[in-house]
Amino acid sequence: MSAKDRAKVGDVFWIVVENFYKPEGSHLVDKEYCVVSGTVSKLLTEWDEMVLTGPGPDGYNQMHYYKNKDIGKRVFRERREAALYARELTEKNDRVWADMMGEKPMRRTWEKYLEEDVNV
């Protein structure tokens, strides 16, 4: 990884997080994958990690730790790339739990980011 590709304090990244929520009228908790942004608030050079801070799906600030080598794999500079990763995780989950076990498919709150015009 070149020096220009490495995270710097203040950089904004997009990540995919698991969110557990209780649908109205249900007694069970459902899971979904959400795309959220985080700003690099600290670099942990000893472990080549970054600390991302930003609001989670519930609106409360969260901290996430990622390695620099995860940029482009689990941490993304573009929201659309994170949405593609969320789609991959959602489809994998649905293949097991919805298709094979008969549970309802996951909610897809990230789809709106795939519909954005990529030429803008």
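How far apart are the mean positions of the positive and negative charges of the protein? They lie 4 Å apart, taken over 20 positive and 22 negative charges. The model is predicted. Its secondary structure amounts to five strands and two helices, and the order from the N terminus is β-β-β-β-β-α-α.

**Overall dimensions and surface**
- Along the principal axes, the C-alpha atoms occupy a box of roughly 45 × 30 × 25 Å.
- The exposed area of the protein is about 8100 Å², and 50% of that area comes from carbon and sulfur atoms.
- Of the 120 residues in the protein, 37% are buried.
- Where contacting residues are at least 6 apart in sequence, 48% of the contacts join residues at least 24 apart.

**Largest nonpolar core**
- The largest nonpolar core holds 13 residues.
- Val16, Val35, Ala82, Ala83, Ala86 and Trp110 have the most contacts inside this core.
- At least two residues of the core come from each of strand E1 (12-21), strand E2 (30-44), helix H1 (79-100) and helix H2 (111-114).
- H1 makes the greatest contribution to this core, with four residues.

**Surroundings of Val16**
- Beyond its neighbours within four places in sequence, Val16 is in contact with Tyr33, Cys34 and Val35, and also with Tyr66.
- The other contacts of Val16 on this count are Ala82, Tyr85, Ala86 and Leu89.

**Second core**
- Another core, of 12 residues, lies apart from the largest one.
- Among the residues of this other core are Cys34, Met50, Leu52 and Ile71.
- Cys34 thus appears twice here: as a member of the 12-residue core and as a contact of Val16.

Terms used
Residues are numbered from 1 along each chain as its sequence is written. This is a predicted model: local features need pLDDT of at least 70, side-chain atom pairs count only at pLDDT 80 or more; totals for chains, interfaces and linings use all residues. Side-chain values use heavy atoms; hydrogens and water are left out. A nonpolar core is a set of buried Ala, Val, Leu, Ile, Met, Phe, Trp, Tyr and Cys residues joined through side-chain atoms within 4.5 Å. Buried means under 20% relative accessible area, exposed over 50%, partly exposed in between (1.4 Å probe, protein chains only). Contact means heavy atoms within 4.5 Å. Accessible areas come from the Shrake-Rupley method with a 1.4 Å probe; for residues, only the protein chains shown count as cover. Lys and Arg count as positive and Asp and Glu as negative; His and the chain ends are not counted. The place of a charge is taken as NZ of Lys, CZ of Arg, CG of Asp or CD of Glu.
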